[in-house]
Number of protein chains: 2
Amino acid sequence: MKLSDLPTPCLVLDRTVLARNIDRMAQAVGRLGVALRPHMKTAKSIDVARMVLANHAAPLSGITVSTLAEAEYFAAHGITDILYAVGITPHKLDQVAKLNAAGAEVKVVTDDLDMARAIAAHPGRHHALIEIDCGEMRGGIPPGDPQLEAIGAALGDRLLGIMTHAGHSYAGRTIAEMADIAEAERNAALAAARRLRAAGMACPMVSVGSSPTALHARALGGVTETRPGVYMFGDLFQAEIATVEPDGIAVTVLASVIGRRPAERRIVIDAGGMALSKDRATESAPHDFKFGLVLDQDGRRTLGNSLVARANQEHGVVDLDTTIDFRIGDRVRVAPNHTCMTSAAHDRYYVVDGGDEVVAVWPRIGGW
Amino acid sequence: MKLSDLPTPCLVLDRTVLARNIDRMAQAVGRLGVALRPHMKTAKSIDVARMVLANHAAPLSGITVSTLAEAEYFAAHGITDILYAVGITPHKLDQVAKLNAAGAEVKVVTDDLDMARAIAAHPGRHHALIEIDCGEMRGGIPPGDPQLEAIGAALGDRLLGIMTHAGHSYAGRTIAEMADIAEAERNAALAAARRLRAAGMACPMVSVGSSPTALHARALGGVTETRPGVYMFGDLFQAEIATVEPDGIAVTVLASVIGRRPAERRIVIDAGGMALSKDRATESAPHDFKFGLVLDQDGRRTLGNSLVARANQEHGVVDLDTTIDFRIGDRVRVAPNHTCMTSAAHDRYYVVDGGDEVVAVWPRIGGW
């Protein structure tokens with residue numbers, strides 16, 4: 001099967017780029033001397049997970065997930081050590097307990113005293129990490145929060161350690177800025193771990209990480225693991241902030257030309273908001289790619305700065321930066337702004353190894 | 001089953017609001033004396049389609065779809081008269097032919113001479129409409145385009161008529177503006193139809209429509225059908241432009257509180273970009289609702305202007321406009337910016353009749 005045989009729109013995954021991205025991160029994390037707990041929220045695919053886990057340039061401590069659907073899926077495929085990195089609620093404890101009773105070891109996170117008590121009281125005997133806010137202003141308590149020891153004490157022997165996520169590293173625009181944020185991320189986690197230990201609590205896990213901070217950290221002493229994810233696939237935004245190489249975007253959307261206005265240098269493609277997502281991550285990047293950069297059917301940047309300027313439900317309106325005279329049915333590929341959101345719109349990857357031969361079709365999961 | 005039993009995030013569909021929206025549009029279209037060909041791109045559910053088709057306040061001419069996956073799904077459920085309202089490509093003709101051979105009557109659209117020839121030459125004997133651009137600047141040729149007759153002639157006995165879509169009506173901000181755009185939409189379609197007829201071609205179908213123009217048109221003489229869709233569910237943007245009533249938003253996302261910062265009047269919920277979409281439709285509306293308006297668990301507007309200010313993958317960061325002290329696990333509902341995009345993130349509707357009892361679970365489809 002060739003790319004030209006595929007229905008459009010669909011998602012193309014270049015395995016050679018993926019392998020390069022996987023190795024680059026593993027090498028970086030290996031040099032830092034910490035374990036890698038890759039975040040599977042972007043890939044949501046056991047086939048991708050197997051490639052990540054087969055690379056031993058960094059020691060591996062398990063995987064990270066963003067939904068219990070992912071936890072269930074990866075556990076069913078034999079990956080047991082799973083960190084569910086989104087704050088747990090009372091309702092979700094039963095589902096985690098069920099997974100753990102079936103052989104998984106799903107670790108949960110909380111930043112709340114009442115929730116810590118609910119975890120400790122649950123018959124499921126969950127293990128939990130306390131979430132620390134290192135500057136992202138999303139989940140977690142600050143490392144100096146007076147409730148930290150009380151939360152740790154409430155968890156009692158359910159306490160596994162500390163986790164934090166420097167999501168604000170995506171606002172960094174230079175490698176030095178990201179390295180500084182990585183340092184702040186580490187310091188926040190270590191400060192919290194020290195307080196728990198000073199209060200007599202064991203704190204074996206100190207888990208940090210985002211793709212920018214995992215790749216650009218200067219040192220991670222005291223940290224036990226890091227949890228990058230989006231680095232596997234890359235996207236226009238990640239390339240803008242140097243988290244992936246300019247040629248490190250592994251996932252693109254294959255689309256067909258469904259309309260042409262040569263006089264206005266405009267085409268319409270069958271990849272709109274549904275196939276690309278409406279994510280506008282690059283709006284705040286040095287270069288704004290609107291809803292995506294249009295590549296030729298081989299995935300090469302031969303069409304200049306041709307962008308998906310508008311994304312309606314199933315129509316992508318492309319402002320062309322080329323004089324190529326497209327015909328109806330011609331194929332292009334679109335590099336996404338934000339690969340997590342774009343990939344989520346599709347239920348499978350059509351896998352290529354750089355060329356146009358489809359070497360595999362990998363399912364991916366969604367939902368919750 | 002109660003809403004409080006459901007896993008979060010999930011999609012809640014209030015059937016009483018849906019029925020009201022369906023009836024309001026059917027009454028409006030019925031008064032205009034044209035047929036309704038409801039667009040199923042928003043609902044993607046046979047259960048919703050059946051409710052729409054059961055209302056006879058307007059005559060019905062069939063349904064509209066935005067993907068061949070929708071065409072296949074609705075045809076499999078016995079709805080045969082289907083307009084696939086996205087420009088067809090050579091690749092997709094075989095799939096349409098297969099559906100038609102199995103009993104469907106899928107009509108295709110094109111605005112391209114080469115494509116018209118390909119349609120006429122295909123053994124599938126497709127029926128096609130010529131797409132006219134009435135000002136949206138997306139698909140279609142202008143009604144005065146010199147190629148119109150040639151495209152019609154190339155289609156020959158495959159020509160069914162004219163279709164146009166005033167997608168730019170969503171930029172209207174008053175009912176008078178939308179009525180003016182509806183008039184322009186009608187005039188563009190009629191001008192094209194007149195030219196084809198003057199050239200001796202039959203042009204039985206003149207298909208127009210979007211939710212704003214279908215609802216607000218002053219008259220549709222000469223038009224045979226209109227194709228609104230998003231009116232069924234409504235959303236914050238539609239309410240802003242008066243296409244649905246303020247209490248006409250039928251679909252909301254049920255979410256759980258996973259983080260709380262009472263001092264900062266902020267909560268974090270488990271509905272982020274994946275559950276809400278990243279659509280920012282209201283960015284250009286009179287009131288900007290960021291990534292969604294937060295309602296109480298009963299779907300009432302009791303939380304003031306509490307908005308999802310940030311939407312990460314599985315985290316929604318809410319700026320509260322209330323002093324309510326939420327606890328971890330409490331439930332809220334989020335009214336979406338753009339119901340088509342938000343609904344697409346989910347694979348089912350949990351149906352309620354105004355209350356908190358889940359009276360049905362309706363599957364919905366996605367993909368292409």
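Student: How many bridges join strand 10 of chain B to strand 15 of chain B?

Tutor: Welcome to a predicted model, where local features need pLDDT of at least 70, side-chain atom pairs count only at pLDDT 80 or more, and totals for chains, interfaces and linings use all residues. Residues are numbered from 1 along each chain as its sequence is written, while chains are lettered from A and ligands numbered from 1 in the order in which they are written. Strands are DSSP runs of E with at least two residues and helices are runs of H or I with at least four, both numbered from the N terminus, and two strands pair if DSSP finds at least two bridges between them. Strand 10 and strand 15 (residues 331-335) of chain B run antiparallel, and the number of bridges joining them is four.

Student: In strand 15 of chain B, which residue does B:Val253 stand opposite?

Tutor: Strand 10 of chain B also has antiparallel partners in strand 1 (residues 10-14) and strand 11 (residues 266-269) of chain B. With strand 1, B:Val12 stands opposite B:Thr252; with strand 11, B:Arg260 has B:Ile267 as its bridge partner. In strand 15 of chain B, the residue opposite B:Val253 is B:Val334.

Student: Which residue takes a positive phi in the hairpin of strand 10 and strand 11 of chain B?

Tutor: Strand 10 of chain B (residues 251-261) is mostly covered, with ten of its eleven residues buried; buried means that 20 or more other C-beta atoms, placed from the backbone, lie within 10 Å of a residue's own, exposed means 12 or fewer, and partly exposed falls in between. The hairpin has four residues between the strands, and the one with a positive phi near 50 degrees is B:Arg265.

Student: Now the matching loop in chain A: is A:Ala263 buried or exposed?

Tutor: A:Ala263 sits in the loop between strand 10 and strand 11 (266-269) of chain A. Its C-alpha atom is separated by 55 Å from that of A:Ile132, 131 residues apart along the chain. Because A:Ala263 has 6 C-beta neighbours inside 10 Å, it counts as exposed.

Student: How are the two chains related, and which residue of chain A has its C-alpha nearest the axis?

Tutor: The copies are superposed by least squares on C-alpha atoms of residues with pLDDT of at least 70 in both, and a rotation of 180 degrees with 0.0 Å of shift along its axis places chain A on chain B, at an RMSD of 0.0 Å. That is the relation of a two-fold axis. At 2.6 Å from the axis, the nearest C-alpha in chain A is that of A:Lys278.

Student: Which element of chain A gives the largest share of the side that touches chain B?

Tutor: Residues are in contact if their C-beta atoms, placed from the backbone, lie within 7 Å, and the contact takes 42 residues from chain A and 42 residues from chain B. The elements of chain A that give two or more residues are helix 4 (90-101), helix 5 (113-121), strand 10 (251-261), helix 10 (273-276) and helix 11 (339-343). Also, 100% of the interface residues of chain A are interface residues in chain B, so the copies meet through the same surface. The largest share, four residues, comes from strand 10.

Student: What is the order of the eight strands in the open sheet of chain A?

Tutor: Strand 2 (35-36) and strand 3 (63-65) stand at the edges with a single partner strand each, so one side of each is left without a neighbour in the sheet. Inside the sheet, strand 5 (residues 105-110) pairs with strand 6 of chain A over four bridges, and three bridges join strand 7 (residues 159-164) to strand 8 (residues 205-208) of chain A. The pairing is parallel, and the order is 2-9-8-7-6-5-4-3.

Student: How many residues of strand 6 of chain A are buried?

Tutor: In a regular strand the side chains alternate between the two faces of the sheet. Here A:His127, A:Leu129 and A:Glu131 point one way and A:Ala128, A:Ile130 and A:Ile132 the other way. Strand 6 (residues 127-132) of chain A has six residues, and the number buried is six.

Student: Is B:Thr110, in strand 5 of chain B, buried or exposed?

Tutor: Leaving aside neighbours within four places in sequence, B:Thr110 has contacts that include B:Gly87, B:Met115 and B:Ile130. Because it has 28 C-beta neighbours inside 10 Å, B:Thr110 counts as buried.

Conventions: Two residues are in contact if their C-beta atoms, placed from the backbone, lie within 7 Å.
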